[in-house]
Amino acid sequence: MGAVYRQPTRGKSVEATRPHTQLSQPNAAAPEDHGRPKPSYVRGAVQNVSGAADGAPLPVGYLPHRLECFVTESSRKQYIHRALTDHKERVSPETVRLPLRNSEILPVIEVPLNVPILNADSFRIAPQLAEHPQRDLVAADPESAEAQEVVAELVRAAHRKAEELKANLLAEGGQTQPGVITREGKLINANTRCVLLRELEREGTGPTSTLRVAVLPNGITDPELLELEMVLQQQVELKDEYRLVSELMMIQRLFNEGFSDEQIARKLRKKGKEVKEAREILNLMHRARALTVNPLPLTAFDSAVDRRQNWSELLREVKSVDGESPRSGDMHIKRWLIAYFSRASSVHKLRFAVEDWVERDGVLESIQEHDDLRSILDTTEASPKSANTNGASEQSDKEADFEADLGLDLLIDDETEPAPGSEQVDAILNLVVAANNVGDDLISLPNGTSISGTEALDAVGRGVEAALDSVKRRRQAGGRLTRPITELDRARTALKNADEALAEVIADPEFASHLKPTASRAQQLAELAAEILAKLNQRHDDTNFEQTELPA
């Protein structure tokens, strides 16, 4: 279904000790799991479990096919307690030193893959879970089979090296570093490894049916768990750093829990001012997402090409423009978002999305010259709607609840009037957002025609690229007295290139359809050249200094 367009860190290393193996050494591998005797508590059957219904499909990523049972909360606690008792009786049990309290040494046990509960509060999946249609289900009972299925899907999707990690787990016979689990069975670290090992188990190629985990002490507090996850999730097997939005949300939540910027910075090995800026960038993202006709999800800023430097530079620019008025800042953000969503998202391009570049440097003209897209600039009654508009209200309510949890609900004021500014800028922004949402599907335009999102982005993107290049050239032209000559030299070179290109195609029958738009552009250039000459001649007539004779 198409869209309808209506216009309007790094943490400390985990040091582990294990019989005959020193896992704290770089790249040290754990002994192969194949054929290794299991402790009695692993070999024994898990008691007090609820069996799966006959023929019922198992939740994706949750129950391995050889462990067709759901472990109850009391069974998990009993199981972990028995495992810890067995651990104490061993001659040389495995332990691990974690950056917890005074670098506490914790016991490492093995548990069947269906015992741990995946962490629904993980920072890594927070942006995706906040927008998931079953978020309420997960919040109500995160340990239910249905909720765990949602979490498992998000955990796997969030890891950008999941397939590589899966192959590594298979080759290594399991983990090379233990995960971390609470006494109640909640995984703080190794969620992805648990999901992938379960996946391998279902496929019949699982190298192990257990997960090695370090067990946290009794009485551990929520702030301690948050701090521990912050450290551990920054350094995992086949390291997959947090995406930008996840990291920003993690920092904001830690700050809300009472950690100072300096405390967070020490744990993440950053500077205090970097942590403060991270919270400001998250605020800026929330401000930006409210500037489109339908509020954007935070995951719109969570792409593979997203870079913190982009947002750092935008933050500095917006602070400067806000000095004039917050509404001027909103317009600056809107223009920046046009470049961002038009695929000009590299740092070297976005830094030139400043001032009134959309109106000044040819973006409007490029759209006016497109037979269909020009209609978005001819009306002010429509705004873009993505294919899932029917769920927008419900999703927005969930996002609002989540933002309130993080203390961000005051950042978006639904009662204030939309920031004033160019309706044309708003129209272009809403178009590129809708085009990104639908991809190759169609967008219905105000003139009754349709265009694919990809085609719309290509058309707008060409104008955006040219405009940003124009700003770049203007900034690099040198002093203001020599800049006119510099720009005219560039224009002369460009015209020579255009003349050569025209000579190659002018006789081609297929070029006939391009004659009119090409002639139109040539006429525009001739008019601009005439205006420049008129200004120079006027200046020549007004001055008393001897000047070089100018052409009439």
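**Exercise 1. Helix H5**

Identify the buried residues of H5 in this predicted model, and state which helices they pack against.

*Solution.* In the predicted model, the buried residues of H5 are Ala147, Gln148, Val150, Val151, Ala152, Leu154, Val155 and Ala158. As a general point, an α-helix has 3.6 residues a turn, so residues three or four places apart point the same way. The next step is to find the packing partners. The buried residues of H5 pack against helix H3 (126–130), helix H4 (135–140) and helix H7 (191–202).

**Exercise 2. The span of H5**

Determine what distance the 14 residues of helix H5 (residues 145–158) should span, and compare it with how far apart the end C-alpha atoms are.

*Solution.* The expected span is 1.5 Å times one less than the number of residues. For the 14 residues of H5, this gives 20 Å. The end C-alpha atoms of H5 are 20 Å apart, which agrees with the expected span.

**Exercise 3. Strand E6 and its partners**

Describe how far strand E6 (residues 105–112) is covered, and establish how many bridges join E6 to E5 and to E9.

*Solution.* Begin with burial: seven of the eight residues of E6 are buried, so the strand is mostly covered; the cut-off for buried is under 20% relative accessible area. Next, consider strand E5 (residues 95–97), which runs antiparallel to E6 and is joined to it by three bridges. In this pairing, Thr95 stands opposite Pro107 of E6. Finally, five bridges join E6 to strand E9 (residues 210–215), again with an antiparallel course. Here Pro112 stands opposite Thr210 in E9.

**Exercise 4. The nonpolar cores**

State which residues of the largest nonpolar core touch the most other members, and which helix gives the most to this core.

*Solution.* The largest nonpolar core has 72 residues, of which Phe301, Trp311, Trp357 and Ile428 touch the most other members. Helix H18 (residues 423–438) gives the most to this core, contributing ten residues. Apart from it lies another core, of 33 residues, including Leu84, Val111, Leu187 and Leu196. In general, nonpolar side chains tend to be buried together in soluble globular proteins.

**Exercise 5. Two positive phi values**

Locate Ala190 and Arg269, and decide whether each is buried or exposed.

*Solution.* As background, most residues other than glycine have a negative phi. Ala190 has a positive phi, near 85°, and is found in the loop between strand E8 (187–189) and H7. Its relative accessible area is 4%, so Ala190 is buried. Arg269 has a positive phi of about 55° and is found in the loop between helix H10 (261–268) and helix H11 (272–289). Its relative accessible area is 55%, so Arg269 is exposed.

Terms used. Residues numbered from 1 in each chain as written. Predicted model: local features only at pLDDT ≥ 70, side-chain atom pairs only at ≥ 80, totals over all residues. Heavy atoms only, no water. Buried < 20%, exposed > 50% of the residue type's maximum accessible area, 1.4 Å probe, protein only. Helix = DSSP H or I, 4+ residues; strand = E, 2+ residues; numbered from the N terminus. Pairing = 2+ DSSP bridges. Core = buried A, V, L, I, M, F, W, Y, C linked by side-chain atoms within 4.5 Å. Contact = heavy atoms within 4.5 Å.
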